[in-house]
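User: Please take a close look at a single part of this structure and set it in the context of the whole chain. A connected account in formal terms would be appreciated.

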Amino acid sequence: MFDIEFEKECKYDSLKIYEGSISQDKMVNQHCGKDIPANQTFSGPQIYLVFTSDRFVQRNGFKLTADIVQTTS
């Protein structure tokens, strides 16, 4: 499920995904609207998620599921 306010540049409500541990790291995706984002795989040890919303348009929100897989080198 993914349902947050849509604006073509995701200015008002958004889910941003960074590969790293802070928002100054590389942003790999930004999502808004109703389209369910595709599954994503990250190879680094950390990801950083930032959900931003304003108070003007209310939607149902989103559900996020994460699977953590430990691999051996």
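Analyst:

**Cys10 and its surroundings**

In this predicted model, Cys10 is found in the loop between S1 and S2. Cys10 counts as buried because its relative accessible area is 10%, and buried means under 20%. The backbone at this position deserves attention: although Cys10 is not a glycine, its phi is positive, at about 55°. For comparison, most residues other than glycine have a negative phi.

The side chain of Cys10 takes part in a disulfide with Cys32, with an S to S distance of 2.2 Å. The count of disulfides comes to 1. The torsion about the S-S bond of Cys10 and Cys32 is about -75°, so the disulfide is left-handed. This pair links distant parts of the chain, 22 residues apart. Cys10 lies in the loop between strand S1 (2–3) and strand S2 (14–19), while Cys32 lies in the loop between strand S3 (26–31) and strand S4 (48–52). Cys32, like Cys10, is buried.

Both cysteines also belong to the largest nonpolar core, which has 5 residues in all and is completed by Phe2, Ile4 and Leu15. In soluble globular proteins, nonpolar side chains tend to be buried together.

Leu15, one member of that core, has contacts that reach into several parts of the sequence. Not counting residues up to four places away in sequence, Leu15 touches Phe2 and Ile4, then Asn29, Gln30 and His31, then Leu49, Val50 and Phe51, and finally Phe62 and Leu64. Ser14 is placed in strand S2. With a relative accessible area of 2%, Ser14 is under the 20% limit and therefore buried. Leaving aside neighbours within four places in sequence, Ser14 is in contact with Ile4, Gln30, His31, Val50, Phe51 and Thr52. Ile4, Gln30, His31, Val50 and Phe51 thus appear in the contacts of Leu15 and in those of Ser14.

The wider fold gives these contacts their setting. The protein chain has 0 helices and 5 strands, and along the sequence it follows the pattern β-β-β-β-β. Among contacts with a separation of 6 or more, 63% are accounted for by residues 24 or more positions apart. Of the 73 residues of the chain, 22% count as buried, and Cys10 and Cys32 are both buried. Along its principal axes, the C-alpha trace spans about 45 × 25 × 15 Å.

A contrast with the buried cysteines is found at Ala66, in the segment after strand S5 (61–62). Ala66 has a relative accessibility of 62% and so counts as exposed, the limit being over 50%. Ala66 is 11 residues from Arg55 in sequence, and their C-alpha atoms are 27 Å apart in space.

Ala66 also has a place in the lining of the largest pocket, where it is one of the residues nearest the centre, together with Gln40, Phe42, Thr65 and Asp67. The volume of this pocket is about 920 Å³. Its lining consists of 26 residues, which divide into 16 nonpolar, 8 polar and 2 charged.

In summary, Cys10 has a positive phi, is buried and is joined by a disulfide to Cys32, with both residues in the largest nonpolar core.

Conventions. Residues numbered from 1 in each chain as written. Predicted model: local features only at pLDDT ≥ 70, side-chain atom pairs only at ≥ 80, totals over all residues. Heavy atoms only, no water. Core = buried A, V, L, I, M, F, W, Y, C linked by side-chain atoms within 4.5 Å. Buried < 20%, exposed > 50% of the residue type's maximum accessible area, 1.4 Å probe, protein only. Contact = heavy atoms within 4.5 Å. Disulfide = S-S within 2.5 Å. Helix = DSSP H or I, 4+ residues; strand = E, 2+ residues; numbered from the N terminus. 1 Å grid on protein atoms, 1.4 Å probe; cavity = no way out; pocket = protein on both sides within 12 Å on 5 of 7 lines; lining within 4 Å. Points joined across faces, edges and corners; volume = space filled by probe spheres on them. Nonpolar A, V, L, I, M, F, W, Y, C, P; charged D, E, K, R; others polar.
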